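Me: I am new to this one and would like to know what stands behind each label. Could you show it to me, and then take my questions one by one?

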Amino acid sequence: MTRNILPGSAYVRTLSGLAAFAAIIGIVAITVTMFRGGYVDSVPVTVLSQRAGLVMDPEAKVKLHGADVGTVRSIEALPSGEAALHLAMDPSALQLIPSNVLVDIASTTVFGAKYVQLTDPAEPSPHTLRPGQVIDSRHVTVEINTVFQQLTSVLSTIDPVKLNQTLGALASALNGRGHEIGKVMTDLNSFLAKLDPGLPALDHDLAVAPDVVGAYADATPDLIRIADNAASISRTIVDEQHNLDALLVSVIGLADIGNDVVGGNRKGLTDVLHLLVPTTDLTNEYHDALYCGLAGIVPAANTPPSPEPGVMASVSLLFGQERYRFPGDLPKVAATGGPQCHDLPRLGYGQHPPFVVADVGTSPWDYANQNLLLNSDGLKQLLFGPIDGPPRNTAEIGQPG
(Lines give C-alpha, C1' and ligand atoms only; values in the text may rest on other atoms or scores of the structure.)
Protein backbone atom coordinates (compact mmCIF):
# COMPACT_ATOMS: atom_id res chain seq x y z
CA MET A 1 0.00 0.00 0.00
CA THR A 2 2.86 2.35 0.77
CA ARG A 3 4.41 1.88 -2.65
CA ASN A 4 1.10 2.80 -4.38
CA ILE A 5 0.64 5.99 -2.28
CA LEU A 6 4.12 7.49 -2.78
CA PRO A 7 3.98 7.71 -6.57
CA GLY A 8 0.55 9.30 -6.34
CA SER A 9 1.69 11.88 -3.80
CA ALA A 10 4.64 12.92 -6.00
CA TYR A 11 2.26 13.33 -8.91
CA VAL A 12 -0.05 15.52 -6.85
CA ARG A 13 2.84 17.65 -5.64
CA THR A 14 4.02 18.12 -9.23
CA LEU A 15 0.59 19.21 -10.38
CA SER A 16 0.27 21.54 -7.40
CA GLY A 17 3.64 23.15 -8.21
CA LEU A 18 2.70 23.61 -11.86
CA ALA A 19 -0.65 25.15 -10.88
CA ALA A 20 1.01 27.54 -8.40
CA PHE A 21 3.59 28.54 -11.02
CA ALA A 22 0.85 29.10 -13.61
CA ALA A 23 -1.17 31.15 -11.10
CA ILE A 24 1.88 33.32 -10.35
CA ILE A 25 2.47 33.87 -14.07
CA GLY A 26 -1.19 34.71 -14.55
CA ILE A 27 -1.18 37.17 -11.68
CA VAL A 28 1.95 38.87 -13.06
CA ALA A 29 0.45 39.02 -16.55
CA ILE A 30 -2.81 40.45 -15.25
CA THR A 31 -0.90 42.97 -13.13
CA VAL A 32 1.28 44.05 -16.06
CA THR A 33 -1.75 44.29 -18.32
CA MET A 34 -3.68 46.31 -15.74
CA PHE A 35 -0.64 48.55 -15.23
CA ARG A 36 -0.50 49.13 -18.98
CA GLY A 37 -4.22 49.92 -18.98
CA GLY A 38 -5.21 46.83 -20.87
CA TYR A 39 -8.47 46.32 -18.99
CA VAL A 40 -9.41 50.00 -18.86
CA ASP A 41 -11.63 51.58 -21.50
CA SER A 42 -9.91 54.40 -23.38
CA VAL A 43 -10.54 56.71 -26.33
CA PRO A 44 -7.90 57.79 -28.87
CA VAL A 45 -6.58 61.37 -29.14
CA THR A 46 -3.63 62.45 -31.32
CA VAL A 47 -1.06 65.14 -30.45
CA LEU A 48 1.14 66.59 -33.20
CA SER A 49 4.52 67.96 -32.07
CA GLN A 50 7.67 69.21 -33.76
CA ARG A 51 9.49 66.41 -31.98
CA ALA A 52 8.84 63.96 -29.18
CA GLY A 53 12.21 64.16 -27.43
CA LEU A 54 14.67 61.46 -26.57
CA VAL A 55 13.01 60.33 -23.34
CA MET A 56 9.42 60.14 -24.52
CA ASP A 57 8.39 56.49 -24.47
CA PRO A 58 5.07 54.65 -24.89
CA GLU A 59 3.06 54.37 -21.68
CA ALA A 60 4.17 57.88 -20.70
CA LYS A 61 1.65 59.73 -18.56
CA VAL A 62 -0.86 62.30 -19.75
CA LYS A 63 -1.61 64.73 -16.96
CA LEU A 64 -4.12 67.52 -16.35
CA HIS A 65 -3.57 69.66 -13.22
CA GLY A 66 -1.21 66.96 -11.93
CA ALA A 67 -3.78 64.14 -12.28
CA ASP A 68 -3.37 61.24 -14.74
CA VAL A 69 -6.01 61.37 -17.48
CA GLY A 70 -4.42 58.98 -19.99
CA THR A 71 -1.27 57.45 -21.38
CA VAL A 72 0.81 57.59 -24.56
CA ARG A 73 -0.16 54.52 -26.56
CA SER A 74 2.42 54.90 -29.34
CA ILE A 75 4.72 57.45 -31.03
CA GLU A 76 4.75 57.79 -34.82
CA ALA A 77 7.35 59.67 -36.86
CA LEU A 78 5.67 61.55 -39.72
CA PRO A 79 7.28 62.19 -43.15
CA SER A 80 7.24 65.94 -42.41
CA GLY A 81 9.67 65.41 -39.51
CA GLU A 82 6.99 65.92 -36.88
CA ALA A 83 5.98 63.37 -34.26
CA ALA A 84 2.43 62.08 -33.73
CA LEU A 85 1.70 60.95 -30.19
CA HIS A 86 -1.30 58.62 -30.06
CA LEU A 87 -2.90 59.00 -26.64
CA ALA A 88 -5.27 56.65 -24.83
CA MET A 89 -7.48 58.98 -22.80
CA ASP A 90 -9.79 58.14 -19.92
CA PRO A 91 -13.35 58.59 -21.29
CA SER A 92 -14.57 60.13 -18.04
CA ALA A 93 -11.78 62.74 -18.15
CA LEU A 94 -12.77 64.03 -21.61
CA GLN A 95 -15.75 65.81 -20.08
CA LEU A 96 -13.34 67.93 -18.02
CA ILE A 97 -11.00 68.93 -20.86
CA PRO A 98 -11.94 71.81 -23.23
CA SER A 99 -11.53 71.22 -26.96
CA ASN A 100 -8.93 74.03 -27.24
CA VAL A 101 -6.71 72.59 -24.50
CA LEU A 102 -3.00 73.48 -24.67
CA VAL A 103 -0.43 70.67 -24.84
CA ASP A 104 3.19 70.73 -23.67
CA ILE A 105 5.71 67.92 -23.71
CA ALA A 106 7.40 68.43 -20.33
CA SER A 107 9.69 66.53 -18.02
CA THR A 108 10.18 66.39 -14.27
CA THR A 109 13.97 67.05 -14.55
CA VAL A 110 16.48 67.76 -17.30
CA PHE A 111 17.33 64.07 -17.56
CA GLY A 112 13.90 62.73 -16.51
CA ALA A 113 11.34 60.98 -18.65
CA LYS A 114 8.90 63.19 -20.47
CA TYR A 115 5.13 63.26 -20.18
CA VAL A 116 2.27 65.06 -21.88
CA GLN A 117 1.05 68.07 -19.88
CA LEU A 118 -2.46 69.42 -20.63
CA THR A 119 -3.06 73.08 -19.71
CA ASP A 120 -6.30 75.05 -19.70
CA PRO A 121 -6.29 78.00 -22.16
CA ALA A 122 -7.03 81.59 -21.10
CA GLU A 123 -10.52 81.32 -22.63
CA PRO A 124 -11.66 77.68 -22.46
CA SER A 125 -14.02 76.53 -25.21
CA PRO A 126 -17.56 75.51 -24.18
CA HIS A 127 -17.05 72.29 -26.13
CA THR A 128 -15.13 69.40 -24.55
CA LEU A 129 -12.40 67.21 -26.02
CA ARG A 130 -13.85 64.56 -28.33
CA PRO A 131 -12.46 61.13 -29.31
CA GLY A 132 -10.17 61.14 -32.34
CA GLN A 133 -9.40 64.88 -32.05
CA VAL A 134 -5.96 66.09 -33.25
CA ILE A 135 -4.20 68.67 -31.05
CA ASP A 136 -1.06 70.70 -31.84
CA SER A 137 1.63 70.83 -29.16
CA ARG A 138 3.02 74.22 -28.23
CA HIS A 139 6.61 73.30 -27.38
CA VAL A 140 8.90 70.55 -26.14
CA THR A 141 11.19 70.95 -23.13
CA VAL A 142 14.79 71.49 -24.23
CA GLU A 143 16.98 68.50 -23.40
CA ILE A 144 20.52 68.62 -22.10
CA ASN A 145 21.83 66.74 -25.14
CA THR A 146 20.38 69.45 -27.39
CA VAL A 147 22.21 72.09 -25.36
CA PHE A 148 25.45 70.09 -25.63
CA GLN A 149 24.95 69.66 -29.37
CA GLN A 150 24.44 73.40 -29.91
CA LEU A 151 27.39 74.21 -27.63
CA THR A 152 29.57 71.75 -29.53
CA SER A 153 28.57 73.31 -32.87
CA VAL A 154 29.46 76.76 -31.50
CA LEU A 155 32.80 75.62 -30.09
CA SER A 156 33.69 73.85 -33.34
CA THR A 157 33.56 77.18 -35.19
CA ILE A 158 35.90 78.97 -32.72
CA ASP A 159 39.63 79.01 -33.35
CA PRO A 160 41.35 77.78 -30.13
CA VAL A 161 44.30 80.16 -30.66
CA LYS A 162 42.04 83.18 -31.01
CA LEU A 163 39.94 81.99 -28.06
CA ASN A 164 43.13 81.68 -25.98
CA GLN A 165 44.21 85.18 -27.02
CA THR A 166 40.79 86.58 -26.20
CA LEU A 167 40.70 84.92 -22.78
CA GLY A 168 44.27 86.14 -22.09
CA ALA A 169 43.30 89.69 -23.03
CA LEU A 170 40.24 89.49 -20.78
CA ALA A 171 42.37 88.14 -17.92
CA SER A 172 44.88 90.98 -18.35
CA ALA A 173 42.09 93.57 -18.52
CA LEU A 174 40.35 92.22 -15.40
CA ASN A 175 43.50 91.56 -13.35
CA GLY A 176 43.70 93.87 -10.32
CA ARG A 177 40.42 95.59 -11.13
CA GLY A 178 38.11 93.58 -8.91
CA HIS A 179 37.27 96.61 -6.76
CA GLU A 180 36.35 98.69 -9.81
CA ILE A 181 34.30 95.84 -11.27
CA GLY A 182 32.52 95.36 -7.95
CA LYS A 183 31.74 99.07 -7.82
CA VAL A 184 30.42 98.91 -11.40
CA MET A 185 28.21 95.96 -10.48
CA THR A 186 26.96 97.83 -7.40
CA ASP A 187 26.19 100.91 -9.49
CA LEU A 188 24.50 98.72 -12.09
CA ASN A 189 22.38 97.12 -9.38
CA SER A 190 21.34 100.58 -8.09
CA PHE A 191 20.54 101.70 -11.63
CA LEU A 192 18.43 98.60 -12.27
CA ALA A 193 16.62 99.14 -8.95
CA LYS A 194 15.71 102.67 -10.10
CA LEU A 195 14.75 101.36 -13.54
CA ASP A 196 12.52 98.57 -12.19
CA PRO A 197 9.45 100.81 -11.42
CA GLY A 198 9.48 102.02 -15.01
CA LEU A 199 9.52 98.54 -16.55
CA PRO A 200 5.70 98.47 -17.14
CA ALA A 201 5.93 101.77 -19.03
CA LEU A 202 8.96 100.45 -20.93
CA ASP A 203 7.06 97.27 -21.76
CA HIS A 204 4.14 99.37 -23.06
CA ASP A 205 6.56 101.51 -25.12
CA LEU A 206 8.11 98.40 -26.62
CA ALA A 207 4.65 97.00 -27.38
CA VAL A 208 3.56 100.13 -29.28
CA ALA A 209 7.00 100.70 -30.83
CA PRO A 210 6.22 98.59 -33.97
CA ASP A 211 3.17 100.73 -34.74
CA VAL A 212 5.16 103.93 -34.19
CA VAL A 213 8.07 102.70 -36.30
CA GLY A 214 5.60 101.64 -39.01
CA ALA A 215 4.03 105.11 -38.98
CA TYR A 216 7.47 106.70 -39.30
CA ALA A 217 8.31 104.28 -42.11
CA ASP A 218 5.14 105.30 -43.96
CA ALA A 219 5.95 108.98 -43.41
CA THR A 220 9.63 108.62 -44.38
CA PRO A 221 9.16 109.86 -48.00
CA ASP A 222 7.35 112.95 -46.73
CA LEU A 223 9.99 113.54 -44.05
CA ILE A 224 12.77 113.25 -46.64
CA ARG A 225 10.88 115.66 -48.90
CA ILE A 226 10.53 118.09 -45.98
CA ALA A 227 14.26 117.82 -45.27
CA ASP A 228 15.07 118.52 -48.94
CA ASN A 229 12.72 121.51 -48.95
CA ALA A 230 14.24 122.75 -45.69
CA ALA A 231 17.69 122.56 -47.29
CA SER A 232 16.39 124.53 -50.27
CA ILE A 233 14.80 127.10 -47.96
CA SER A 234 18.02 127.46 -45.96
CA ARG A 235 20.02 127.98 -49.17
CA THR A 236 17.49 130.57 -50.30
CA ILE A 237 17.80 132.38 -46.95
CA VAL A 238 21.59 132.40 -47.27
CA ASP A 239 21.38 133.72 -50.85
CA GLU A 240 18.84 136.40 -49.89
CA GLN A 241 20.38 137.37 -46.55
CA HIS A 242 20.96 140.99 -47.65
CA ASN A 243 17.32 141.38 -48.67
CA LEU A 244 16.28 139.65 -45.44
CA ASP A 245 18.37 142.14 -43.44
CA ALA A 246 16.72 145.02 -45.28
CA LEU A 247 13.28 143.47 -44.61
CA LEU A 248 14.03 143.14 -40.91
CA VAL A 249 15.22 146.77 -40.74
CA SER A 250 12.02 147.86 -42.50
CA VAL A 251 9.92 145.78 -40.13
CA ILE A 252 11.67 147.41 -37.16
CA GLY A 253 10.89 150.85 -38.58
CA LEU A 254 7.28 149.86 -39.24
CA ALA A 255 7.02 148.52 -35.68
CA ASP A 256 8.34 151.82 -34.30
CA ILE A 257 5.79 153.77 -36.36
CA GLY A 258 3.06 151.38 -35.30
CA ASN A 259 4.02 151.86 -31.65
CA ASP A 260 3.73 155.63 -32.09
CA VAL A 261 0.39 155.37 -33.88
CA VAL A 262 -1.14 152.85 -31.50
CA GLY A 263 0.38 154.47 -28.40
CA GLY A 264 -0.78 157.96 -29.38
CA ASN A 265 -4.32 156.81 -30.17
CA ARG A 266 -4.63 154.26 -27.39
CA LYS A 267 -7.50 156.02 -25.63
CA GLY A 268 -9.40 156.64 -28.84
CA LEU A 269 -9.01 153.02 -29.98
CA THR A 270 -10.09 151.81 -26.54
CA ASP A 271 -13.19 154.03 -26.61
CA VAL A 272 -14.09 152.83 -30.12
CA LEU A 273 -13.79 149.21 -29.03
CA HIS A 274 -15.97 149.85 -25.99
CA LEU A 275 -18.58 151.59 -28.17
CA LEU A 276 -18.55 148.67 -30.61
CA VAL A 277 -19.32 146.11 -27.90
CA PRO A 278 -23.14 146.60 -27.90
CA THR A 279 -23.21 146.59 -31.71
CA THR A 280 -21.09 143.47 -31.95
CA ASP A 281 -23.17 141.76 -29.24
CA LEU A 282 -26.39 142.59 -31.09
CA THR A 283 -24.86 141.43 -34.39
CA ASN A 284 -23.75 138.20 -32.74
CA GLU A 285 -27.24 137.66 -31.29
CA TYR A 286 -28.90 138.18 -34.68
CA HIS A 287 -26.24 136.48 -36.81
CA ASP A 288 -28.69 133.67 -37.68
CA ALA A 289 -31.23 136.18 -39.03
CA LEU A 290 -28.49 138.05 -40.93
CA TYR A 291 -27.38 134.79 -42.49
CA CYS A 292 -30.96 133.92 -43.45
CA GLY A 293 -31.48 137.32 -45.08
CA LEU A 294 -28.19 137.30 -47.01
CA ALA A 295 -28.56 133.67 -48.03
CA GLY A 296 -32.11 134.38 -49.20
CA ILE A 297 -30.68 136.88 -51.70
CA VAL A 298 -28.47 134.22 -53.30
CA PRO A 299 -31.29 132.55 -55.33
CA ALA A 300 -32.39 135.95 -56.60
CA ALA A 301 -28.81 136.82 -57.58
CA ASN A 302 -28.42 133.50 -59.40
CA THR A 303 -31.79 133.74 -61.19
CA PRO A 304 -31.23 133.99 -64.96
CA PRO A 305 -32.34 137.26 -66.59
CA SER A 306 -35.54 137.63 -68.60
CA PRO A 307 -35.22 136.33 -72.14
CA GLU A 308 -36.84 139.61 -73.38
CA PRO A 309 -35.17 142.99 -72.86
CA GLY A 310 -36.89 145.58 -70.71
CA VAL A 311 -38.16 145.98 -67.17
CA MET A 312 -41.05 143.98 -65.79
CA ALA A 313 -43.09 145.65 -63.05
CA SER A 314 -46.19 144.60 -61.14
CA VAL A 315 -48.25 147.66 -60.09
CA SER A 316 -51.33 147.59 -57.89
CA LEU A 317 -53.39 150.00 -55.81
CA LEU A 318 -53.71 149.43 -52.06
CA PHE A 319 -55.93 151.02 -49.48
CA GLY A 320 -54.31 153.69 -47.38
CA GLN A 321 -53.08 152.82 -43.90
CA GLU A 322 -53.84 154.58 -40.64
CA ARG A 323 -52.30 158.06 -40.52
CA TYR A 324 -49.35 158.82 -38.26
CA ARG A 325 -50.40 159.77 -34.73
CA PHE A 326 -48.34 161.55 -32.11
CA PRO A 327 -46.92 160.36 -29.74
CA GLY A 328 -48.07 156.73 -30.12
CA ASP A 329 -46.29 156.25 -33.47
CA LEU A 330 -42.93 157.58 -32.34
CA PRO A 331 -40.18 155.08 -33.30
CA LYS A 332 -38.75 153.02 -30.45
CA VAL A 333 -36.50 150.00 -29.92
CA ALA A 334 -38.56 147.51 -27.92
CA ALA A 335 -38.85 144.46 -30.18
CA THR A 336 -38.38 141.09 -28.44
CA GLY A 337 -38.29 137.47 -29.51
CA GLY A 338 -34.77 137.30 -30.90
CA PRO A 339 -33.83 136.41 -34.49
CA GLN A 340 -36.56 134.80 -36.60
CA CYS A 341 -35.78 133.17 -39.92
CA HIS A 342 -39.08 131.33 -40.48
CA ASP A 343 -38.66 129.66 -43.89
CA LEU A 344 -35.61 131.64 -44.98
CA PRO A 345 -33.21 131.19 -46.68
CA ARG A 346 -35.08 128.59 -48.77
CA LEU A 347 -38.62 129.53 -49.77
CA GLY A 348 -40.88 127.58 -52.06
CA TYR A 349 -42.24 129.00 -55.26
CA GLY A 350 -44.84 131.72 -54.60
CA GLN A 351 -44.19 131.75 -50.84
CA HIS A 352 -43.10 134.65 -48.64
CA PRO A 353 -42.16 134.80 -44.97
CA PRO A 354 -44.86 136.15 -42.65
CA PHE A 355 -44.85 139.78 -41.54
CA VAL A 356 -43.61 140.03 -37.95
CA VAL A 357 -45.31 142.68 -35.87
CA ALA A 358 -42.93 144.01 -33.21
CA ASP A 359 -43.02 146.78 -30.66
CA VAL A 360 -41.23 149.38 -32.78
CA GLY A 361 -43.67 152.30 -32.41
CA THR A 362 -46.28 152.14 -35.19
CA SER A 363 -48.37 149.14 -36.24
CA PRO A 364 -50.61 148.81 -39.30
CA TRP A 365 -53.12 146.84 -37.23
CA ASP A 366 -53.73 149.46 -34.52
CA TYR A 367 -57.27 150.89 -33.94
CA ALA A 368 -58.83 148.17 -36.10
CA ASN A 369 -58.14 150.32 -39.18
CA GLN A 370 -60.38 149.44 -42.11
CA ASN A 371 -57.86 151.00 -44.55
CA LEU A 372 -60.63 152.66 -46.66
CA LEU A 373 -62.43 155.70 -45.16
CA LEU A 374 -64.76 158.20 -46.87
CA ASN A 375 -63.76 161.84 -46.21
CA SER A 376 -67.31 163.20 -46.16
CA ASP A 377 -66.28 166.63 -44.86
CA GLY A 378 -63.88 167.04 -47.73
CA LEU A 379 -66.66 166.15 -50.16
CA LYS A 380 -68.93 168.79 -48.60
CA GLN A 381 -66.26 171.44 -48.86
CA LEU A 382 -65.68 170.46 -52.48
CA LEU A 383 -69.41 170.84 -53.27
CA PHE A 384 -70.42 173.74 -51.05
CA GLY A 385 -67.20 175.53 -50.16
CA PRO A 386 -65.51 175.95 -46.79
CA ILE A 387 -67.65 175.21 -43.77
CA ASP A 388 -67.12 177.00 -40.51
CA GLY A 389 -66.44 175.12 -37.31
CA PRO A 390 -64.49 171.97 -36.45
CA PRO A 391 -64.28 169.11 -38.93
CA ARG A 392 -67.28 166.83 -38.94
CA ASN A 393 -65.59 163.78 -40.40
CA THR A 394 -65.28 161.05 -37.76
CA ALA A 395 -61.91 160.04 -39.18
CA GLU A 396 -60.52 163.46 -38.32
CA ILE A 397 -61.91 163.75 -34.80
CA GLY A 398 -59.21 164.74 -32.39
CA GLN A 399 -56.92 166.20 -35.07
CA PRO A 400 -55.96 169.90 -35.23
CA GLY A 401 -58.13 172.30 -37.21
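Me: Let us begin with two cysteines: are C292 and C341 buried or exposed?

Reply: C292 is buried, and C341 is buried too. The word buried stands for under 20% relative accessible area, exposed for over 50%, and partly exposed for what lies in between, using a 1.4 Å probe and the protein chains only. Please keep in mind that this is a predicted model, where local features need pLDDT of at least 70 and side-chain atom pairs count only at pLDDT 80 or more, while totals for chains, interfaces and linings use all residues. Residues are numbered from 1 along each chain as its sequence is written, and side-chain values use heavy atoms, with hydrogens and water left out.

Me: Why is the link between C292 and C341 called a disulfide?

Reply: A disulfide is a pair of cysteine sulfur atoms within 2.5 Å. The sulfur atoms of C292 and C341 are 2.0 Å apart, so the pair meets that cut-off. A search of the whole structure finds one disulfide. The link of C292 and C341 is right-handed, with 90° about the S-S bond. C292 sits in helix α9 (residues 287–302) and C341 in the loop between α9 and α10 (376–384), so the disulfide ties together parts that are 49 residues apart in sequence.

Me: What makes a stretch a helix or a strand, and how many of each are there?

Reply: Both are DSSP runs numbered from the N terminus: helices are H or I with at least four residues, and strands are E with at least two. The protein has ten helices and seven strands.

Me: How do you know that T46 is buried?

Reply: T46 has 17% relative accessibility, and since the limit for buried is under 20%, T46 counts as buried. T46 belongs to strand β1 (residues 43–49). Leaving aside residues up to four places away in sequence, T46 touches A84, L85, H86, Q133, V134 and I135. Touching, or contact, is a matter of heavy atoms within 4.5 Å.

Me: What makes a group of residues a nonpolar core, and which members of the largest one touch the most other members?

Reply: A nonpolar core is a set of buried Ala, Val, Leu, Ile, Met, Phe, Trp, Tyr and Cys residues joined through side-chain atoms within 4.5 Å. The largest one has 23 residues, and L87, M89, V116 and L118 touch the most other members. Several elements each supply at least two residues of this core, including β2 (61–64), β3 (67–77) and β6 (114–119). Strand β4 gives the most, with four residues. As for V116, among its contacts beyond four places in sequence are V72, L85, L87 and V103.

Me: Why is the pairing of K332 and D359 called a salt bridge?

Reply: A salt bridge is a side-chain nitrogen of Lys or Arg within 4 Å of a carboxyl oxygen of Asp or Glu. For K332 and D359 the N to O distance is 3.1 Å, so the pair qualifies. Side chains of opposite charge can pair when their charged atoms come close. The structure holds four salt bridges.

Me: How do you know that K332 and D359 are partly exposed?

Reply: K332 has 42% relative accessibility and D359 has a relative accessible area of 39%. Both values fall between the 20% and 50% limits, so both residues are partly exposed. K332 also touches V360 and G361. The C-alpha atoms of K332 and V360 are 5.0 Å apart in space, although the two residues are 28 apart in sequence.

Me: What makes K267 and D271 a salt bridge, and is K267 buried or exposed?

Reply: Their side chains meet at 3.1 Å, N to O, so they are inside the 4 Å limit. K267 and D271 are four residues apart in helix α8 (residues 266–285), about one helical turn. K267 has a relative accessible area of 59%, over the 50% limit, so K267 is exposed. D271, at 34%, counts as partly exposed.

Me: Why do R225 and D222 get the salt bridge label?

Reply: The side chains of R225 and D222 are 2.7 Å apart, N to O, which is within 4 Å, so the label fits. Both lie in helix α6 (residues 199–239), three residues apart. R225 is partly exposed at 45% relative accessibility, and D222 is partly exposed at 40%.
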